[in-house]
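Me: I would like to go through this structure and ask what stands behind each label. Please set the values against the definitions.

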Amino acid sequence: ANKWSLGEGMGVPQFDNLNQQQGSAEMSEQSLADLKQAFATFNQVSEQLTESYQMLESRVVELSGELATVSEQRMQELSEKERLADQLESLLNLLPAGVIVIDNTGRIGRINPAAEALLRND
């Protein structure tokens, strides 16, 4: 039978016969072997946890880099769209023809100065 097992919940080693021998000066060879096995298992799990943590850290760095790249691309796209919108606004204001922009509800969304002048004259 197993002399030790991982405890439920916390993963703490449980030793069946160590508590009974606590007061004695010498530990049986089997108890010592069980203890060595427990420490070996602990070290193995600890190494696996460390490797997993390092892999996660690496992935976080990788994803952070990707996020920064995508964010920079989006900022460049937004800047370009703002620049184009400003150019279109300038063109609309400079057009000699009247332009009225109406949305799908029939509301005027934008009117250029030439259209304003035409509507004032009527």
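Me: What makes up the secondary structure of the protein chain?

Reply: The protein chain has 2 helices and 4 strands, in the order β-β-α-β-β-α along the sequence. Helices are DSSP runs of H or I with at least four residues, strands are runs of E with at least two, and both are numbered from the N terminus. The model is predicted, so local features need pLDDT of at least 70 and side-chain atom pairs pLDDT 80 or more, while totals for chains, interfaces and linings use all residues. Residues are numbered from 1 along each chain as its sequence is written, and side-chain values use heavy atoms, without hydrogens and water.

Me: How do you know how α1 compares with the span expected at 1.5 Å a residue?

Reply: The expected span is 1.5 Å times one less than the number of residues. For the 66 residues of α1 that comes to 98 Å, and the distance from first to last C-alpha is 96 Å, close to the expected value.

Me: Why is S31 called buried or exposed?

Reply: Buried means under 20% relative accessible area, exposed means over 50%, and partly exposed lies in between (1.4 Å probe, protein chains only). S31 has 0% relative accessibility, so it is buried. S31 belongs to helix α1, residues 29-94, where D34, A38, T41 and L92 are buried as well. In the protein chain of 122 residues, 11% are buried.

Me: What makes the S31 and S28 pair a polar contact?

Reply: A polar contact is a pair of N or O atoms within 3.5 Å; within protein, one must be able to donate a hydrogen and the other to accept it, and residues adjacent in sequence count only if both atoms are side-chain atoms. The side chains of S31 and S28 are 3.0 Å apart in their polar contact.

Me: What does N112 touch?

Reply: Contact means heavy atoms within 4.5 Å. Leaving out residues up to four places away in sequence, N112 touches L92, L95, A97, G98 and V99. The N112 side chain also reaches the backbone oxygen of L92 at 3.0 Å. N112 sits in the loop between β4 (108-111) and α2 (113-121) and, at 0% relative accessibility, is buried.

Me: Why is the E89 and R110 pair called a salt bridge?

Reply: A salt bridge needs a side-chain nitrogen of Lys or Arg within 4 Å of a carboxyl oxygen of Asp or Glu. The closest N and O atoms of E89 and R110 are 2.5 Å apart, so the pair qualifies. E89 is in helix α1 and R110 in strand β4, so the salt bridge ties together parts 21 residues apart in sequence.

Me: How many salt bridges are there in the whole structure?

Reply: The search finds 5. Among them is E62 with R59, at 2.6 Å between the closest N and O atoms; these two are 3 residues apart in helix α1, about one helical turn. Another is R74 with E77, at 3.2 Å.

Me: What makes the nonpolar surface patch?

Reply: I100, I102, I108 and L119 make a patch of about 390 Å². Patch residues have over 30% relative accessible area and no salt bridge; nonpolar side chains (Val, Leu, Ile, Met, Phe, Trp, Tyr) are joined within 5 Å, like charges within 9 Å. Areas come from the Shrake-Rupley method with a 1.4 Å probe, and for residues only the protein chains shown count as cover. I102, in strand β3, is exposed at 52%.
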